[in-house]
Amino acid sequence: MKKYHILLSLIIVLCLGCADKSIKPSADSQSATDAFAIINTIKKAYEEKDKASLQNHMNTLLAENTIKGLLFEKAGLTITPRMVTINDTSIKVNIMWNGSWWLTKDNKLENRGVADLVFHKETLKLTYIDGDNPFIVPSEKNRSNSFPVLQN
């Protein structure tokens, strides 16, 4: 009976000793988490037409083109990250997205797509978008209003 108590005590001590609660995420895991946070920040800035935030989180040319396309009254985007690829200089996040844009109160456009959002690894700025750009208002062939819309 004493042997079982000693064995049970030893197992409990080993289990408690191995349960380290201060597990730190890897550098790649932290980079991916940071990229997801930046995607959400850019999405929110786009929907709210926050030009300063777009400029802070995108490279200059991409930010300028995105800001030129803020020709909607309201927009709503849903972005779902699918896969992350990290190399020496960049972080590429593959996403699926759905979007709705209201050009006027009664004129709603919808679109969806798949894209790779590529971030500079050191600065975490969005450098380019490969695929269907979620930050461009889709065109409507027979639109009756007169504002210009950026097209892919």
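Biologist: Which exposed residues does helix H4 carry on the face turned away from its buried side?

Modeller: They are Thr 60, Leu 61 and Lys 68. Keep in mind while reading that this is a predicted model.

Biologist: And which residues of H4 are buried?

Modeller: Helix H4 covers residues 60–68, and Leu 62, Ala 63, Thr 66 and Ile 67 are its buried residues. Looking down the axis of H4, you find these buried residues within an arc of 130°, so they line one face of the helix.

Biologist: What covers the buried residues of H4?

Modeller: The cover includes two helices, H2 (27–48) and H3 (51–57), together with strand E4 (126–131).

Biologist: I should place these elements in the whole chain. In what order do the elements run from the N terminus?

Modeller: The protein chain has four helices and four strands. Starting at the N terminus, the order is α-α-α-α-β-β-β-β.

Biologist: How do I read the sheet, and in what order do its strands lie?

Modeller: Look at which strand pairs with which. Here four strands make an open sheet, ordered E1-E2-E3-E4, with antiparallel pairing. E1 and E4 are the edge strands, each pairing on one side only. From one strand to the next, the twist averages 30°.

Biologist: Which helix packs on the sheet, and which strands does that helix touch?

Modeller: H2 packs on the sheet and touches E1, E2, E3 and E4. The direction of H2 makes about 165° with that of E1.

Biologist: Let me take one pair of strands. How many bridges join E3 to E4?

Modeller: Five bridges join them; E3 spans residues 108–120, and the two strands run antiparallel. To follow the pairing, look for residues that stand opposite each other. Leu 117 stands opposite Ile 129 in E4, and Val 118 stands opposite Tyr 128 in E4.

Biologist: What lies between E3 and E4?

Modeller: Five residues lie between them, and the two strands form a hairpin. In the turn, Leu 124 has a positive phi of about 55°.

Biologist: Now the interior. What tends to happen to nonpolar side chains in soluble globular proteins?

Modeller: In soluble globular proteins, such side chains tend to be buried together. In this structure, the largest nonpolar core has 31 residues, and Tyr 46, Phe 119, Leu 126 and Phe 135 touch the most other members. At least two residues of this core come from each of H2, H4, strand E1 (74–86), strand E2 (90–102), E3 and E4. H2 gives the most, with six residues.

Biologist: Which residues is Tyr 46 in contact with, leaving aside neighbours within four places in sequence?

Modeller: Among them are Leu 54, Thr 66, Leu 70, Leu 77, Trp 101 and Phe 135. Thr 66 is also one of the buried residues of H4.

Biologist: Take Leu 77 next. Is Leu 77 buried or exposed?

Modeller: Leu 77 is found in strand E1. The cut-off for buried is under 20% relative accessible area; Leu 77 has 5% relative accessibility, so this residue counts as buried. Beyond neighbours within four places in sequence, its contacts include Lys 43, Tyr 46, Glu 47, Trp 97 and Phe 135. Leu 77 and Phe 135 are 58 residues apart along the chain, and their C-alpha atoms are separated by 8.9 Å.

Biologist: What about serines? Where does Ser 31 lie, and does Ser 31 count as buried or exposed?

Modeller: Ser 31 lies in helix H2. Its relative accessibility is 16%, so Ser 31 counts as buried. Apart from neighbours within four places in sequence, Ser 31 is in contact with Ile 86 and Ile 91. Ser 90, in strand E2, is buried with a relative accessible area of 14%. Not counting residues up to four places away in sequence, Ser 90 touches Thr 85, Val 118, Phe 119 and Lys 121.

Biologist: Finally, how much of the protein chain counts as buried?

Modeller: Of its 152 residues, 35% count as buried. The accessible surface comes to about 10200 Å², and 54% of this belongs to carbon and sulfur atoms. Among contacts with a separation of 6 or more, 52% are between residues 24 or more positions apart.

Technical notes
Residues are numbered from 1 along each chain as its sequence is written. This is a predicted model: local features need pLDDT of at least 70, side-chain atom pairs count only at pLDDT 80 or more; totals for chains, interfaces and linings use all residues. Side-chain values use heavy atoms; hydrogens and water are left out. Buried means under 20% relative accessible area, exposed over 50%, partly exposed in between (1.4 Å probe, protein chains only). The arc is that of the directions from the helix axis to the C-beta atoms. Contact means heavy atoms within 4.5 Å. Two strands pair if DSSP finds at least two bridges between them. Accessible areas come from the Shrake-Rupley method with a 1.4 Å probe; for residues, only the protein chains shown count as cover. A nonpolar core is a set of buried Ala, Val, Leu, Ile, Met, Phe, Trp, Tyr and Cys residues joined through side-chain atoms within 4.5 Å. Axes are lines fitted to C-alpha atoms, for helices over the stretch in contact, and angles run from 0 to 180 degrees between N-to-C directions.
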